[in-house]
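Reader: I'm in my first year and still learning to read structures. Could you take me through one part of this one closely, starting with how the chain is built up?

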Amino acid sequence: MIKILKQHYEIEEKSRRLFKIHIKKEEFLKTLNFIGLNSNFITLSQITCTDWIEDEVFTLNYILTTEQRDKNLMIALSIPREGKESKLPTLLYLFPQAEVMERDLHEMYGIEFIGNKTLFDFALENWNTTPPLRREFDTLAYVNEQFDFRKGREDNRDVKVETKRRRAEAKKLKAKKEVKK
Amino acid sequence: MIAKDNRVIKIFHGPQHPGITGNMSVELDLVGETIQKARTHVGYLHRGFEKLIERRTIIQAFTIVCRICVPEPDPNEENFARAIEGLAGIEISHRAKYIRVMVLEMARVAAQMLWMGGQSGSVGLGTVAQWSIYDRDLILDLFEELTGGRVYHMYIYPGGVRRELPDGFLERLGKVLDHIEEKMPQYDALFFENSTFKKRAIGVGIIDKDLALKEGLVGQALRGCGIKRDVRKDNPYLVYDELDFDIPTFEGCDVYARAMVRRAEIKESVKILRQVIQKMPKEGEIMQKIPKHRKFKIPKDDILVSTESARGEFNYYMAGDGTEKIRRMQVKGPSLIHGFTLLEKLLVNEELSNVAMIMNSLGICPPEIER
């Protein structure tokens, strides 16, 4: 099967059972359709996304598995992080399980999947700021901005400062005891 | 909520329902007792692990991964370690591989015992849970002795495992296996052959066998349809190819078939563990030399690793960028598809009283969905 695919694509053999194809965004549907119809990679097992903010792209991997579940094929493509070109067509018509995977990526990275009508809340609720898995999203800043400390925790101190203070106190106490001796 | 026509009732099954498998909720549209539509909601336990891991070194991330699925931490540790080893080109010793298989199979038996408690509870057989949780505790005792932790072990680390086996550990493991084998006929009488369970489970939650492979189902959802798929055989890792074991399947595609597959899998895990006790090399490093934690740079590359958990195939995708931090780690457990695509479909036309039972049979663990 891999031999047939090698006639059409440049395949990187990552291990004996893991292969990777790099494609352009324009070839996305054509490639998926071709592989879906002409190979035994029949299952979409995962869609992964990595944010390469320094290159201003998201790299997605559509991971397909054979019917025997003995080989995996990663179909990798990069899309711009922003703008019209950052959208991708849905794969719902080929794999029903793509629905939940696309929903997840939409929520975590803000990627639009054209044709998927269920891109609503997944694990988050009423999220109205930067999608959280984008590199520019600052978790700590978000938490400090959104939440207050519970009542009764007003004396909350910086751990490092407090440790220093306690050590200094202990040192003083020890010095006093030695003077008494 | 009652709709205007006074006919469709919308209820939320969970996240606090005792029959739910964890912190998730299923929104059900009911006519009488029959479900017309089901929608899964997660997010009650979103801890942002994948985001946290992007900011941590390997040893810092390592303490997080086991928490991705509470009842089954070890396949996560194995995936994490194997992904790092794959990217960094580390080969672990034969002995360490055997120890890892031992840990993974112990974890499988423990997870199946916990499942037995949940599945039996969903049909009102409370006694089974008291027995199975006790038996699970015997394995947790061994884990405590080996790793220092009962639930989260933090034992399988890139390069091998973190601690040598204590003296006499394998003998004690053998005794626990004897006990579990002796107990299985009692579980059969009390649970697997129990007429109450059979009446409730046979013909309920039937999966479409023709679509099971294409739609990405894994574990007992597949094997309960008679489809023999298991990562340990199909894409072997560690030393599974040196061990003799079967992949049990059962025809029926229903809750009962999935339960019987699990029952047979306990037997197979015991068989594997007995071979591990026999074959484990006496000599060999348990941990390879790896760079110091703060200097452990992950090459710029990506990898996909899979482990067969007690509930099915567990995948980790990992990408490195040449720094000490993991650029991206994406987790995909069995629950993502089982809890959404499959569950939402299976619940339609089922009775409300069967929801908890069907959910349990699919092995859904919500924390691994929202990781």
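Author: Happy to! Chain A of this predicted model has five helices and seven strands. If you follow the sequence, these elements come in the order α-β-β-α-β-β-β-β-α-β-α-α. Next, look at the overall outline of chain A. Its C-alpha trace spans about 90 × 40 × 30 Å along the principal axes. The radius of gyration tells a related story: chain A has 26 Å, while a compact globule of 181 residues would have a value near 16 Å. Of those 181 residues, 29% count as buried. Now consider the contacts in chain A with a separation of 6 or more: 46% of them link residues 24 or more positions apart.

Now let your eye move across to the partner chain. Where the two chains meet, 28 residues of chain A are in contact with 27 residues of chain B. Several elements of chain B each supply at least two residues to its side of this meeting place: α1 (49-53), β6 (302-309), β7 (312-320), β8 (326-332) and α12 (335-346). Sorted by class, that side of chain B holds ten charged, nine nonpolar and eight polar residues.

Three of the elements just named, β6, β7 and β8 of chain B, also form an open sheet, in the order β6-β7-β8 and with antiparallel pairing. In general, the strands of a sheet pair through backbone hydrogen bonds, and they can do so either parallel or antiparallel. Here β6 and β8 of chain B are the edge strands, each pairing on one side only. Neighbouring strands of the sheet are turned by 15° against each other on average, if you ignore direction. You can trace one pairing in detail: six bridges join the antiparallel strands β7(B) and β8(B), and B:N315 has B:K332, in β8(B), as its bridge partner. Helix α3 of chain B, residues 74-88, packs on this sheet and touches β6 and β7 of chain B. The direction of helix α3 makes about 150° with that of β6(B).

Finally, have a look at the nonpolar interior. The largest nonpolar core has 138 residues, and B:M106, B:M318 and B:L343 are those with the most contacts inside it. Helix α4 of chain B, residues 94-121, gives the most to this core, with 15 residues. To see the surroundings of one core residue, find B:M106: leaving out residues up to four places away in sequence, B:M106 touches B:I139, B:L142, B:F143 and B:L273.

Conventions
Residues are numbered from 1 along each chain as its sequence is written. Chains are lettered from A and ligands numbered from 1 in the order in which they are written. This is a predicted model: local features need pLDDT of at least 70, side-chain atom pairs count only at pLDDT 80 or more; totals for chains, interfaces and linings use all residues. Two residues are in contact if their C-beta atoms, placed from the backbone, lie within 7 Å. Helices (H or I, at least four residues) and strands (E, at least two) are DSSP runs, numbered from the N terminus. Ala, Val, Leu, Ile, Met, Phe, Trp, Tyr, Cys and Pro count as nonpolar, Asp, Glu, Lys and Arg as charged, and the others, Gly among them, as polar. A nonpolar core is a set of buried Ala, Val, Leu, Ile, Met, Phe, Trp, Tyr and Cys residues joined through C-beta atoms within 7 Å. A residue is buried if 20 or more other C-beta atoms lie within 10 Å of its own, exposed if 12 or fewer, and partly exposed in between; C-beta atoms are placed from the backbone. The radius of gyration is taken over C-alpha atoms; the globule rule is 2.2 Å times the number of residues to the power 0.38. Two strands pair if DSSP finds at least two bridges between them. Axes are lines fitted to C-alpha atoms, for helices over the stretch in contact, and angles run from 0 to 180 degrees between N-to-C directions.
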